[in-house]
Amino acid sequence: MRLAARPVGLPKPSDWNFTEEKVVEPAEGQLLVKVLYLSLDPAMRGWMNDAKSYIPPVGLGEVMRAGAIGKVIASKHPKFAVGDEVSGAFGVQEYALSDGKGLIKVSSKLAPLPVYLGTLGMPGMTAYFGILDVGELKEGDTVVVSGAAGAVGTVVGQIAKIKGCRVIGIAGGADKCEWLVKELGFDAAIDYKSEDVKKALREHCPKGMDVYFDNVGGDILDAALTQLARGARIVICGAISQYNNTTPVKGPSNYLSLLVNRASMKGMVVFDYADRYADAAKEMAGWMMAGKLKSREDIVEGLNTFPDTLLKLFKGENTGKLVLKVSKD
């Protein structure tokens, strides 16, 4: 699937072109991968804009960028053999030709393949380094995470619980909030669709929050800024509420709370921690084996459903990691 136009507001099907092209055999040093699962992430919306960011935008006419899991079906690369299961930025397509750079071998014998796109993939790495390094998490902290039922938020909250913190999640809908508390062990959850977030934060964080992990931005970030503890740390991971704006991005009007509370706000991009991914994945896999960290994938089938399935992220319709199943293994 190739990007056909720069979206204005929410992406629409006409922003992509479905094309059929001949599968090319790998040359020396290359391998051919059959794509099995695609990772659908809020960041994809930013990659479609022709604007300066932490990564170049997808060019018009280029295959839409996406992380994926696949199986090697032909190889002339010394480090990859036919049958290897691999993770990489293969894009929204059924087959991908690769030179091997950036590819990571995974194993369905250790975990279901979609888990490597979620808890043991980029969302999990984002949560791990975001809450531990950027958030400077300490035992006993009160932690609030927005987008708490999403791929990153679920892992952030669970890591904070593992580290001995009190955790409050903000999510949309009673079912998601109940799942966060009963299944993932959050101490409380706030339904932004039916509750006054600012009031609920005062009730659940009477002494303020020590760490706020923000995946949403906008009004919820503003509400969080009113309930900071002294020395609080705010991690800016994403701002999904603003990605499809047709008007200027809404900045925080309560930012002076940072001054009053001697707090800090810092952005993070997971690629900065690439040299430590393996260590983080090893620790998180250990937590999963011990039953301390749970993973949930929301899987939709069919490459042709990509435009509509991507919108689930911006409508709050997914719980856990949103994955598109491209083909059967």
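## A pair of strands to start with

Find Val33 in the model: across from it, in strand E6, stands Ala96. Keep in mind as you look around that this is a predicted model. Strand E6 covers residues 95–98, and its partner here is strand E3, residues 31–39. The two strands pair in the antiparallel sense, over four bridges.

E6 also shows you that a strand can have two unlike sides. Ala96 and Ser98 make up its covered face, while Tyr95 and Leu97 sit on the uncovered one.

## The six-stranded sheet

Now move on to an open sheet built from six strands. Reading across it, the order is E10-E9-E8-E11-E12-E13, and the pairing is parallel. Which strands stand at the edges? They are E10 (188–191) and E13 (264–267); each has a single partner strand, so one side of each has no neighbour in the sheet. Going from one strand to the next, the twist averages 15°.

Let's zoom in on E8, residues 142–146. On one side E8 runs parallel to E9, and five bridges join the two. Val144 stands opposite Ile168 of E9. E8 also pairs with E11 (residues 209–214), again in the parallel sense, over three bridges. Here Val145 has Phe213 as its bridge partner.

Are the faces of E8 covered or uncovered? Both are covered: Thr142, Val144 and Ser146 are buried on one side, and Val143 and Val145 are buried on the other. That fits the count for the strand, with five of its five residues buried.

## Helices lying across the sheet

Two helices to look for are H2 and H5. Helix H2 lies across E8, E11, E12 and E13, and it runs at about 150° to E11. Helix H5, residues 197–204, lies across E8, E9, E10 and E11. Its direction makes an angle of about 165° with E10.

How many of the 13 residues of H2 are buried? Ten of them are, so this helix is largely enclosed by the rest of the structure. Among the buried ones are Pro123, Thr126, Ala127, Gly130, Ile131 and Val134.

## Where H2 meets H8

H2 (residues 122–134) also packs against helix H8 (residues 277–289). Their axes are 10 Å apart and the angle between them is about 95°. Since roughly perpendicular covers angles from 65 to 115 degrees, H2 counts as roughly perpendicular to H8.

So who touches whom? From H2 come Met122, Gly124, Met125, Tyr128 and Phe129. On the H8 side, they meet Tyr277, Ala280, Ala281, Glu283, Met284 and Trp287. Sorted by class, this contact has nine nonpolar residues, one polar and one charged. The spacing you see along a helix has a simple background: an α-helix has 3.6 residues a turn, so residues three or four places apart point the same way.

## Loops with something to notice

Just after H2 comes Glu136, in the loop that leads on to E8. Its phi is near 45°, which is a positive value in a residue other than glycine. Glu136 counts as partly exposed, because its relative accessibility is 48%.

Arg262 is another residue, not a glycine, with a positive phi, near 50°. Look for Arg262 in the loop between H7 and E13. With 55% relative accessibility, it counts as exposed.

Tyr243 belongs to the loop between strand E12 (228–236) and helix H7 (256–260). Its relative accessible area is 29%, so it is partly exposed. If you skip its neighbours within four places in sequence, Tyr243 is in contact with Pro42, Arg45, Gly238 and Phe314. Lys12 lies 231 residues from Tyr243 along the chain, and the C-alpha atoms of the two are separated by 14 Å.

## Two cysteines, no bond

How many disulfides does the structure hold? Zero. Take Cys165: the closest cysteine sulfur belongs to Cys205 and is 12 Å away, which is too far for a bond. To count as a disulfide, the two sulfurs would have to be within 2.5 Å. Seen from the other end, Cys205 is in no disulfide either, with the sulfur of Cys165 as its nearest cysteine sulfur.

Are these cysteines buried or exposed? Cys165 counts as buried because its relative accessibility is 4%, and Cys205, at 1%, counts as buried too.

Technical notes: Residues numbered from 1 in each chain as written. Predicted model: local features only at pLDDT ≥ 70, side-chain atom pairs only at ≥ 80, totals over all residues. Heavy atoms only, no water. Buried < 20%, exposed > 50% of the residue type's maximum accessible area, 1.4 Å probe, protein only. Axes fitted to C-alpha atoms, helices over the stretch in contact; angles between N-to-C directions. Parallel < 35°, antiparallel > 145°, perpendicular 65-115°, else oblique. Contact = heavy atoms within 4.5 Å. Nonpolar A, V, L, I, M, F, W, Y, C, P; charged D, E, K, R; others polar. Pairing = 2+ DSSP bridges.
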